[in-house]
Protein chains: 2
Amino acid sequence: MAALRHSATLCPLSSCSQTVLNPIHHTPILSILIQDVFQLLPRGAGGPELKTAIPGPKSQEHIAKLDKVFDTRSLNMLADYTQSFGNYFVDPDGNKLLDVYAQIASIPLGYNNPALKKAAQSPEMIDAIINRPILETGILKVAPKGLDQVFTAMAGSDANETAYKAAFMWRRMKERGGPTVEFTEEEMQSSMNNQTPGASQLSIMSFKTAFHGRLFGSLSTTRSKPIHKLDIPAFDWPQATFPLLKYPLEEHAEENAKAEADSIAEVEDLIKNYHVPPCAVIVEPIQSEGGDNHASPAFFRKLREVTAKHNVLLIVDEVQTGVGATGKFWAHDHWDLPSPPDMVTFSKKAQTAGYYFGNPELRPNKPYRQFNTWMGDPARCLLFRAIIDEVQRLDLVANTAKVGDYLYGKLEALAQKYPEEFKNLRGKNRGTFIAFDNPNRDQFIAKVKKLGVNIGGSGANAVRLRPMLIFEKQHADILLETLEKAVTSA
Amino acid sequence: MAALRHSATLCPLSSCSQTVLNPIHHTPILSILIQDVFQLLPRGAGGPELKTAIPGPKSQEHIAKLDKVFDTRSLNMLADYTQSFGNYFVDPDGNKLLDVYAQIASIPLGYNNPALKKAAQSPEMIDAIINRPILETGILKVAPKGLDQVFTAMAGSDANETAYKAAFMWRRMKERGGPTVEFTEEEMQSSMNNQTPGASQLSIMSFKTAFHGRLFGSLSTTRSKPIHKLDIPAFDWPQATFPLLKYPLEEHAEENAKAEADSIAEVEDLIKNYHVPPCAVIVEPIQSEGGDNHASPAFFRKLREVTAKHNVLLIVDEVQTGVGATGKFWAHDHWDLPSPPDMVTFSKKAQTAGYYFGNPELRPNKPYRQFNTWMGDPARCLLFRAIIDEVQRLDLVANTAKVGDYLYGKLEALAQKYPEEFKNLRGKNRGTFIAFDNPNRDQFIAKVKKLGVNIGGSGANAVRLRPMLIFEKQHADILLETLEKAVTSA
């Protein structure tokens, strides 16, 4: 038995709204996958279906059992994955929901995808599970332009933290005068006491409302919500203001340009003057947990320029935006950068995690400085390879761009009809990576769930769409119908 | 193709000694597993076998290819896991080595274990790989006495870090006056700036020469070697001296008792006086990466007493010692504690990771404070369940205790014959978790490898034995013969 996870950013102080389903009309199965899934019909066919209230009696029994040993307050609802398929999950009581949240954007190709099932049954996977080999898994087939090396990790948090470690080592190597200059005795001794100069007094700059993970280093760069940070010791690292764009963009061009220019100026000021000097800036292409905050390609080009100018590394955190959901494989492909980011971190839809880099100077100057027992999980790397193959075979990035444009257009029309409920619509030309604000977000989300669609929030007021790459026009239509019903019904 | 990993603590400044094999005599297959492996003979039978130098031409080819995209300096040698079996691994050139290092103690039941292979092929595993359900996986079947809850993580580092987070939240909850007291506005605002009071000014105390991981929080408690810590910012957290026992123990009873009493006094002094107050002490039952440093059960009982007295949590890091290798399932079972540790962390042989706890107060007072996208990997949890079943079915903990006693007795005899080469022999009654010091450790290890046995080091001079739980008398005899040969041959 399995559990769906809530958004890490749904207001934790409000009580967890339980989901209740109502039947919604039949939807045809994703056409481009039809040949693969035919044998699974009729389980995969049809739209949302309700058999009991949610949680039904079987779910309640499982939750009570699970709660004895595991904190269940962060659980969204239980799912029976053996019965879930494609864009739909089924709970233990047989209720079936359209899922546009996808385990916080971490399911790329739908539940029980046949291609992934095949990969999971391969002899190579069995070897990967029981023996943990280091594999050539094709992760570099989708390496961002200009980056041809990878360091693998277990999850998004440690992908970011190992990237930070590479940044600190790189900067100190430069300060020392190159990779062959040895550490001093004082550095070696002070490092063992967690003191300078061995432990460097350098920082990683992040942006306000950013989310980069929850371990100690990554949490020091996370600025999403107090509940994520309270009571945990943190490093004295700087944060710059992320430009808060106003919508519709066309009507606020001047203000928005100024907000972006101000942000860049603040970044440059902090680089030059912060008392713990930054050696890297980390940024999400779209601040996801922080409320789906966008900035223009011009902003990111400027950020690349100002970091390069001051010899500060630029780390792009694509943990949530990567692997196709924005209508490009990597969201930063939208920016047309003059030179690539220094590192790009990934996880979630990739099932594995890590960072790409290109500059050989980012390999530490000695072995064992960037090292751990497992160096990522080969089983998860194999799964990423199967995902990449399937994304390419079915052209799912193009599909997501197309469906996203359709969905955005329809949402624009809804926003004109109900401007208060679909405020600050954003994500144009960003695939299905779309969000809007709703003044009563938590109630709105609960209502949409009761109407049969699993949907998530982020930041203070955002409703964020995070469907899988196999989300099609038909699913978009169910979603749109449900959103409108949630606005108009009592 | 796969790569064996070097010890994280083998001196990184010395060049990586490549392994060359010589043939060693045939060894019968582990008798207690004979029924399971019969179909795999003759691949699993026979002792070490040499076909080429190591690395041979095929290995060299693979390493060169891998090095283009991956830092290969930390690789020990390449293995062909499809041909490896039980206590032996085989490299791409067909060379076969007895492995008493087991990927830094992280292989519990031998390469290509049939029971694990069966688990890897199960429908439940396929579901776990492609859908990532949260599972009831039987991790609690082996929960340490007095601890009946678990929080799952991805690897040892984040198991420790999430335990630290629980400790900080617990201590601040107590200071605030209980779980229902709300955070103040000042706490919430300052936490977003990484400042007190929101970001607590508390610490985790660890011991000198300890190893607890390599991410930012865990690395702040790691005190193994400068190369692990250099250039990485660290928290101002305290370290106490770990009692450095002298061997043979019988001849240094008084000195050792004093060293342990001094250490406890230092712990108490730091708890009372360190300027960043500790809310928890973390300790390894045997400091593994730091050189296999032991302390007596009386020392740990005293540590439990002094931490409890001052309301400081005791976290026992069983990442390397757990899951049977010391002749008990958990190494701290040897201590006969009056009350259990507050948290016990685990990983490596368990294939998954996390921390056990018992006190319900260690569940954060609100949801989403201890949370992440994946909350551990269900596929790895299933594997741990299969490992537990196999350990119980074959009584492998008792086997390890018995083989360990046999091995220790024989090593004692070797130490009498060659006192300089087998100095400070330690690990009596601790299963196969045995180590000794050698004045020319790195050369000694290289020599043993050339004689056909893969073996590891730790700390400054230690040779550490970390065989799997299926290590038997026959394998011990090969090891003993090889160790003596390494001492006597040129």
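**Exercise 1.** Determine what share of the residues of chain A count as buried in this predicted model, and describe the chain's surface and fold.

*Solution.*
1. Chain A holds 490 residues, and 67% of them count as buried.
2. The accessible surface of chain A amounts to about 16400 Å². Carbon and sulfur atoms contribute 54% of that area.
3. The secondary structure of chain A consists of 15 helices and 16 strands.
4. Among contacts in chain A with a separation of 6 or more, 75% join residues 24 or more positions apart.

**Exercise 2.** Identify the residues with the most contacts inside the largest nonpolar core, and list the neighbours of A:Phe384.

*Solution.*
1. The largest nonpolar core comprises 138 residues.
2. Its residues with the most contacts inside it are Leu303 and Phe384 of chain A, together with B:Leu303 and B:Phe384.
3. Leaving aside residues up to four places away in sequence, A:Phe384 touches A:Ile139, A:Val142, A:Val323, A:Phe346, A:Ala350, A:Thr352 and A:Tyr356.
4. Another core, of 60 residues, lies apart from the largest one; A:Tyr101, A:Met173, B:Ala163 and B:Tyr355 are among its members.

**Exercise 3.** Decide whether B:Gly358 is buried or exposed, and establish its surroundings.

*Solution.*
1. In chain B, the loop between strand E11 (353–357) and helix H12 (378–393) contains B:Gly358.
2. The relative accessibility of B:Gly358 is 16%. The cut-off for buried is under 20%, so B:Gly358 counts as buried.
3. Not counting residues up to four places away in sequence, B:Gly358 touches B:Gly146, B:Leu147, B:Asp148, B:Gln149 and B:Asp342.
4. B:Lys145 is 213 residues from B:Gly358 in sequence, yet their C-alpha atoms are 9.2 Å apart.

Technical notes
Residues are numbered from 1 along each chain as its sequence is written. Chains are lettered from A and ligands numbered from 1 in the order in which they are written. This is a predicted model: local features need pLDDT of at least 70, side-chain atom pairs count only at pLDDT 80 or more; totals for chains, interfaces and linings use all residues. Side-chain values use heavy atoms; hydrogens and water are left out. A nonpolar core is a set of buried Ala, Val, Leu, Ile, Met, Phe, Trp, Tyr and Cys residues joined through side-chain atoms within 4.5 Å. Buried means under 20% relative accessible area, exposed over 50%, partly exposed in between (1.4 Å probe, protein chains only). Contact means heavy atoms within 4.5 Å. Helices (H or I, at least four residues) and strands (E, at least two) are DSSP runs, numbered from the N terminus. Accessible areas come from the Shrake-Rupley method with a 1.4 Å probe; for residues, only the protein chains shown count as cover.
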